[in-house]
Amino acid sequence: MGVPLDEVISGSFLAFLAPSNQPVLAACLQQLKPCKEELTITRPNGTTRAVQVSLAPMKREALEGFSVVVTDLTDRKAAEERLRMANERLGELVGELEHFSYTISHDMRAPLRAMKSFAAILQEDCAISSRQENRELLERIGTAASRMDKLISSSLDYARILSQNLRTEPVDLAVLIEGLIQTYPNLLPEKADIDLAPNLPVVRGSEAALTQCFSNLLGNAVKFVIPGRRPSVRVWGEPSGALMRIWIQDNGIGIAKDEQARIFDMFFRAARDCYEGTGMGLALARKVVTRLGGRIGVESEEGVGSRFWVELPPA
Ligand code: ADP
């Protein structure tokens, strides 16, 4: 209880209990009946402990009283809470994995079906069709196969983020994004103008996972641009409550209002026909950010451009 023994002996036991708990024991004491309750006691330093209090009436000659046994349950309660949270996380993970396997099996069957039907046409027409037609069909099969390959590898990246224990460390986003610009050919100055503000924050995250997240966001910013227009991207940071917000603004094709929430779903592609992609980049970015305790979103106007934002805890 954190109180010297002589003070316990001279004091009233009820005074240790939280006011809301006092009537329960007061009733037992008055009626001289045994009881066992889980209650909260407040220590003199203001901290509280979860305890089990067992009262047993005792009578020895003229002396009437109670034996009181107080068992500290705080550590057990904390362990139970940790277990409950782990179970909750496990339940969420199972749900996400079910959704994930359903979605990937659904979306991966599309290129597979294309390959099957082109191969069937090729088989039937082999004897009668020209070499040129056959070559085209084979090319289509090749395209569908490489699309499937990309879907599988981006799904594997996603599954890794879903199940991995992300170890966090301070990550300097200025250094990380500079590194990306020097690594990806489409982000180089010959291809795009990328302006990094000097106020990019150091955040708490996983360098590998944040590299995946920001490479997708920057890659999209220079990819979804009207053909012939030079990509121009601005990246800056600002505080947002307890988190740091990073903005990535582009001069691209923009996103229709009714599609802005769905672009973060697995395999969803708004600009499906004109631009290469798997539709997994933003799903992966969102998964990384939420697993690090942050948030992600977008503001966009069609034909004008998009502003994606990511919020992460500061280092
Ligand atoms: P992918 O780039 O492989 O198509 P993403 O998951 O990265 O998939 O993006 C999903 C969809 O969101 C894209 O297909 C595109 O329609 C839209 N999108 C993403 N980023 C941008 C952007 N910066 N400008 C316009 N549209 C975008």
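A residue is counted as near the ligand if one of its heavy atoms lies within 4 Å of it, and the legends below apply this cut-off to a predicted model.

**View 1. The shell of residues around the ligand.** On this criterion the ligand is surrounded by 21 residues, of which Asn220, Asp250, Arg269, Thr278 and Leu282 are the closest. Sorted by residue class, the shell comprises 11 nonpolar, 7 polar and 3 charged residues.

**View 2. Polar contacts to the ligand.** At Asp250, a polar atom of the side chain is placed 2.9 Å from a nitrogen atom of the ligand. Thr278, in contrast to a side-chain contact, takes part through its backbone, with an N or O atom lying 2.8 Å from an oxygen atom of the ligand. Leu282 likewise presents a polar backbone atom, and the distance from this atom to an oxygen atom of the ligand is 2.8 Å. Of the 530 Å² of accessible area that the ligand has on its own, 98% is covered by the protein.

**View 3. The ligand in its pocket, with the contributing elements.** The site occupied by the ligand is the largest pocket. Two or more residues of the surrounding shell come from each of the helices α6 (207–223) and α7 (281–291) and from the strand β10 (305–312). Among these elements α6 makes the greatest contribution to the shell, supplying 3 residues.

**View 4. The protein that frames the close-ups.** The protein contains 7 helices and 10 strands. Its radius of gyration is 31 Å, well over the 20 Å that the globule rule gives for 315 residues, and the protein is therefore more spread out than a compact globule. Taken along the principal axes, the C-alpha trace of the protein extends over about 115 × 55 × 30 Å.

Technical notes: Residues numbered from 1 in each chain as written. Predicted model: local features only at pLDDT ≥ 70, side-chain atom pairs only at ≥ 80, totals over all residues. Heavy atoms only, no water. Polar contact = N/O pair within 3.5 Å; in protein donor to acceptor, adjacent residues only side chain to side chain. Areas by Shrake-Rupley, 256 points an atom, 1.4 Å probe, with all protein chains shown as cover. 1 Å grid on protein atoms, 1.4 Å probe; cavity = no way out; pocket = protein on both sides within 12 Å on 5 of 7 lines; lining within 4 Å. Sits in = over half its atoms within 2 Å of the grid points. Helix = DSSP H or I, 4+ residues; strand = E, 2+ residues; numbered from the N terminus. Nonpolar A, V, L, I, M, F, W, Y, C, P; charged D, E, K, R; others polar. Rg over C-alpha atoms; globule rule 2.2 N^0.38 Å.
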